[in-house]
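Student: I have a chain open and would like to talk through its packing. Could you take me through it, beginning with the core?

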Amino acid sequence: MIFTIFRKELKETLRDRRTLMMMLVIPILVFPVILNVFVKVSSSFQKEAAEKTLKIGLVGDQNTFIAKEMEALPTTLGKKKITYFANHADLVKALNTDSIELGIEENAKFQDLMNDKKTAQINVLFDMSELGLQDRAEMYLNAISAKAKQARLTEMKIEAEKIEPLRLDYQNIATDKEMFGKLAGGMLPYIFIAFGFIGCMYPAIDLFTGEKERGTIETLLTTPVSRWQILFGKMLVVVLSGLIAATFALIGLYISIGTLDTPENGAIMNIIYSILTPQFIVLLFGLLIPLTVFFAGVMVPIAVNAKTFKEAQSVITPLNIIMVLPAMVGFFPGIELNWITACIPVVNVVLATKELIAGTLDIGMLALSFIVMISIAIVAVFVSYKRFDQETNIVN
């Protein structure tokens with residue numbers, strides 16, 4: 001009987017274009033569109049920044065040390081236009097009026113310190129809110145500093161190795177799979193939670209509040225079927241809708257990564273292929289199914305209690321933010337799955353998924369996370385049943 005109700009409600013849900021858009025079309029299209037637009041815009045900005053002629057202001061004339069070195073820099077480091085100013089005040093004024101973008105001046109007694117083979121200071125003025133300026137300044141001045149250092153060593157007849165006793169070599173022992181899991185693994189559960197919640201929302205509202213508005217819930221309740229069977233049949237549709245929406249969102253993400261034209265794309269796809277094993281998919285859905293059941297269990301009491309579709313939507317929609325916030329933990333470095341975080345609903349799913357992608361998941365913590373999610377899913381279903389069993393909530 002539960003399956004009969006499930007099949008009947010599923011057919012009605014699939015006839016709703018709005019639900020199909022939220023469950024299938026938007027999830028599979030949103031990531032290819034967003035990622036491709038983002039990559040193109042980002043590439044365009046990077047290209048524009050690299051080809052941009054940087055307006056630089058220097059205090060003094062062409063005979064100062066910094067002026068000679070700046071003029072001698074190759075154009076491969078970026079195009080530049082140099083303007084000279086009489087003093088610091090004029091330089092700052094030009095920066096404030098955007099006449100120049102970068103101001104550079106030698107500190108007091110600069111030349112005396114250079115002649116005495118001491119450390120001389122160069123002041124760099126720029127607007128931190130303008131992205132890329134500090135990088136360009138560091139690129140120019142690092143080149144000048146390296147040249148000045150080598151010139152001083154040569155003049156003093158000192159070999160560089162004699163003043164550099166140590167050479168540090170940092171070696172990363174983590175595999176590409178572990179790096180991908182730790183750095184990008186937070187995105188996968190975040191996507192599933194966001195789209196899984198949205199995928200559950202519209203069917204939950206339509207199958208409960210919508211039926212109240214249409215006046216068909218009373219007819220359904222007069223059939224010789226237990227109320228809990230009706231509830232379970234409807235909830236299965238809600239859970240399946242959430243799983244489908246989240247799955248199609250992940251498929252959309254997979255397609256979008258595969259279609260990106262970037263130098264690193266081939267290596268990323270090889271890592272993804274090594275991760276997507278049958279065991280990984282089974283374990284992943286083992287975590288995510290109770291999470292989706294929990295979403296459905298949270299939404300159903302609200303949908304049952306609401307009088308109109310609009311009322312239910314206005315209450316459930318803000319919950320998406322509450323559910324997604326814990327998922328952002330996956331983007332924070334240093335937070336890992338342990339015996340404490342494994343007991344925190346939603347957070348445990350996010351962190352367990354990261355560990356699963358990296359291939360470092362502890363089976364004991366996975367089991368604890370699964371037990372916690374199953375427990376809150378059962379509680380959510382029980383609350384839904386209690387609300388659905390009240391006559392005042394299911395009849396307008």
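Tutor: This is a predicted model, and its largest nonpolar core has 74 residues, with I193, F208, L291, F295 and M299 having the most contacts inside it.

Student: Which elements give two or more residues to this core?

Tutor: They are α1 (2-14), α8 (187-214), α9 (217-221), α10 (227-259), α12 (278-305), α13 (309-327), α14 (347-358) and α15 (363-388). Apart from this core lies another one of 17 residues, among them L54, L58, M70 and F110.

Student: Back to F295, then. What is F295 in contact with, leaving aside its neighbours within four places in sequence?

Tutor: With those neighbours set aside, F295 is in contact with I193, G196, F197, C200 and M323.

Student: Take G196 from that list. Where does G196 lie, and is G196 buried or exposed?

Tutor: G196 lies in helix α8 and is buried, its relative accessible area being 0%. Once the neighbours within four places in sequence are left aside, G196 is in contact with I191, G242, A246 and F295. The C-alpha atoms of G196 and V239 are separated by 8.6 Å, while the two residues are 43 residues apart along the chain.

Student: And C200, what does C200 touch?

Tutor: C200 is found in helix α8, and it is buried with a relative accessible area of 0%. Leaving aside neighbours within four places in sequence, C200 is in contact with V238, G242, T292, F295 and M299, so G242 appears in the contact lists of G196 and C200 alike. From C-alpha to C-alpha, C200 and V300 are 9.7 Å apart in space, with their positions 100 residues apart in sequence.

Student: What about P326, where is P326 placed?

Tutor: P326 lies in helix α13 and is partly exposed, with a relative accessible area of 21%; the cut-off for counting as buried is under 20%. Beyond its neighbours within four places in sequence, P326 is in contact with V346, V347 and V350. P326 and I193 are 133 residues apart in sequence, and their C-alpha atoms are 9.7 Å apart in space.

Student: Changing topic to helix packing: at what angle do the axes of α1 and α8 cross?

Tutor: The axes of α1 and α8 cross at roughly 105° and come within 11 Å. The two helices are therefore roughly perpendicular to each other, since angles of 65 to 115 degrees count as such.

Student: Which residues make that contact?

Tutor: K8, E9 and T13 of α1 make the contact together with P203, L207 and E211 of α8. By type, the residues of the contact of α1 with α8 divide into 2 nonpolar, 1 polar and 3 charged.

Student: And how do helix α3 and helix α6 pack?

Tutor: Helix α3 (residues 65-72) and helix α6 (residues 133-155) pack at an angle of about 110°, and their axes are 10 Å apart, so α3 and α6 are also roughly perpendicular to each other. In this pair F65, I66, E69, M70 and A72 of α3 meet Y140, L141, I144, K147 and A148 of α6, and the residues of the contact divide into 8 nonpolar, no polar and 2 charged. M70 of α3 is also among the residues of the core of 17 residues.

Student: Now the backbone. What is the phi of D98, and where is the place of D98?

Tutor: D98 has a positive phi of about 65° although it is not a glycine. The residue sits in the loop between α4 (88-96) and β3 (102-106), and at 57% relative accessibility D98 counts as exposed.

Student: And K157, is K157 buried or exposed?

Tutor: K157 counts as exposed, at 78% relative accessibility. K157 lies in the loop between α6 and α7 (176-184), and its phi is near 55°, a positive value in a residue other than glycine.

Student: Last topic, the chain as a whole: how many helices and strands does the chain have?

Tutor: The chain has 16 helices and 4 strands, and buried residues make up 41% of its 396 residues. Among contacts between residues at least 6 apart in sequence, 77% join residues at least 24 apart. The chain exposes about 22000 Å², of which carbon and sulfur atoms supply 63%.

Terms used
Residues numbered from 1 in each chain as written. Predicted model: local features only at pLDDT ≥ 70, side-chain atom pairs only at ≥ 80, totals over all residues. Heavy atoms only, no water. Core = buried A, V, L, I, M, F, W, Y, C linked by side-chain atoms within 4.5 Å. Buried < 20%, exposed > 50% of the residue type's maximum accessible area, 1.4 Å probe, protein only. Contact = heavy atoms within 4.5 Å. Axes fitted to C-alpha atoms, helices over the stretch in contact; angles between N-to-C directions. Parallel < 35°, antiparallel > 145°, perpendicular 65-115°, else oblique. Nonpolar A, V, L, I, M, F, W, Y, C, P; charged D, E, K, R; others polar. Areas by Shrake-Rupley, 256 points an atom, 1.4 Å probe, with all protein chains shown as cover.
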